[in-house]
Amino acid sequence: MHEPPPPGSDPDRPVHIVFVGAGAVGCFYASRLHYPTHNIHTSLIARSNYKALAADGVKLQTHTFGNYTFIPDAVFPSVAAATAAPISPNGSTRDWDFVIVTTKALPDQSDDTALIAPLVGPRTCIVLIQNGVGVEAPYRARFPTNPTVSAVTVISAEQTSPGTVRQNRWTRIHLGPYSDSASFSASSPVLVDNGGGEATTTAVGATVANPTPAISPAAAADLQARGAARAAELADWWTRLGGIRDVALSDEVGLQMVRWHKLCINAAFNPSAVLSGGRGNADMARDPELRVHLLGVMREIWGAAPGVLGRAFDEKEMATPEGILRSSERNVGSKPSMLLDWEAGRAMEIEVILGNPVRIARAKGVELGRLQSLYALLRSAQEVRERERAKGGKGKL
């Protein structure tokens, strides 16, 4: 039996792409990747906004491309629906070439690798457009032979109402392959199957069932090559067809450098906004003591790069901590995502933005003392709130 050609190489074979997560980021990038005239068909799996998207598509108000409506190939209310939906009168279903995950990364709350498993076939490439570091390792563990593309975005977008997305600024997206560069020996709290059909949460540092498998140099090279090829296809389609001018390709470590650099913003401002009582980015950057604190966190992350990833940040290519602070002073009214989640009573991306960096660095012999303090305090605050809720209290910080 001959293997089917890779996506995009056969003009007669359709490429099927599904985005798991139809928030602002997912809807925007999906809208620039749906080109039926080129046999590229993009679908969405939505939750709270399913009815609006299924009825009218996505109404986009963009700074970059003007206003337009994106009608996906299909909109599904669940993974099960996307798996079972026929695409032809004979009842055949889609073989997904790309499964692109744009949900929040909450490994202590849910196992998204199990969620997407029904969508993943032998030739599926998994693409992760998510915040934080270490997000790829659980997918490698569950899907060891599928190529993985890791992606980091710099975009300002929001869903102003169900089915309406506004892109305010930026469209930058970095893409690179993943094999095992973000694996680490100390595991994060994740949901695991206890053998009785129920999910339980592991303690920090506990050994998780089915950890990321060891990978040989040959296998890593193969995964990197296949992941790089899929990343190049996406970059080509987003650029040539979608008109996004700032799509960047990186090698595996280069992409992880981009992820770690984004921590300078996310790991400094996000937890500090919650723990300072709800202050926004510009407000914190202008406060003398908080400015010293933010600069200390960013410098710690900046200085850890050589020990953790084997490369130092290049000041000519990446914003320095001092430059980030100066830019943040002008970002008046901006609230980081953790603060928005805290105020709305939602779970925060604590593990991938704080916990994983601490554990990954520690496994490499690098201690991130400031980050560890933020992690311990914010994780405790969330646990206290959840306990108060369980007792019927308000659970405020």
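The buried residues of α12 pack against α7, α9 (288–309), α11 (337–343) and α13, where buried means under 20% relative accessible area, exposed over 50% and partly exposed in between (1.4 Å probe, protein chains only). Helices (H or I, at least four residues) and strands (E, at least two) are DSSP runs numbered from the N terminus. The structure is a predicted model, in which local features need pLDDT of at least 70 and side-chain atom pairs count only at pLDDT 80 or more, while totals for chains, interfaces and linings use all residues. Residues are numbered from 1 along each chain as its sequence is written, and side-chain values use heavy atoms, with hydrogens and water left out.

It helps to stay with α12 for a moment. Twelve of its 14 residues are buried, so this helix is largely enclosed by the rest of the structure. Among them are I350, L354, N356 and P357. At 1.5 Å a residue, helix α12 (residues 350–363) should span 20 Å, and its end C-alpha atoms are 19 Å apart, which agrees; the expected span is 1.5 Å times one less than the number of residues. The helix nevertheless bends by about 35° at N356, and a proline, P357, follows within four residues. Here the bend is the angle between axes fitted to the seven residues ending at a position and the seven starting there. Just after α12, G365 takes a positive phi of about 85°.

Helix α7 (residues 252–275), one of the packing partners of α12, can be described along similar lines. For its 24 residues a span of 34 Å is expected, and the end C-alpha atoms lie 34 Å apart, in agreement. A bend of about 35° occurs at L263. Of the 24 residues in α7, 20 are buried, leaving the helix mostly covered. G277, just after α7, has a positive phi of about 100°.

Another partner of α12 is α13. Helix α13 (residues 369–390) contains A376, which is partly exposed, with a relative accessible area of 36%. A376 is 26 residues from I350 in sequence, and their C-alpha atoms are 9.8 Å apart in space.

Attention now turns to the nonpolar interior. In soluble globular proteins, nonpolar side chains tend to be buried together. A nonpolar core is taken as a set of buried Ala, Val, Leu, Ile, Met, Phe, Trp, Tyr and Cys residues joined through side-chain atoms within 4.5 Å. The largest such core has 68 residues, and those with the most contacts inside it are I116, L119, W260 and L354. A second, separate core of 39 residues includes A46, V58, V75 and I244. Leaving aside neighbours within four places in sequence, I116 is in contact (heavy atoms within 4.5 Å) with V20, V99, V101, I126, Y139 and F143.

V99 and V101 belong to strand β6 (residues 98–101), where they point one way while F98 and I100 point the other, and all are buried. Strand β6 runs parallel to β1 (residues 15–20), joined by four bridges; strands count as paired if DSSP finds at least two bridges between them. In this pairing, F19 stands opposite I100. Four bridges also link β6 to β7 (residues 125–129) in the parallel sense, with I126 as the bridge partner of V99.

Overall, the protein has 13 helices and twelve strands, and buried residues make up 51% of its 397 residues.
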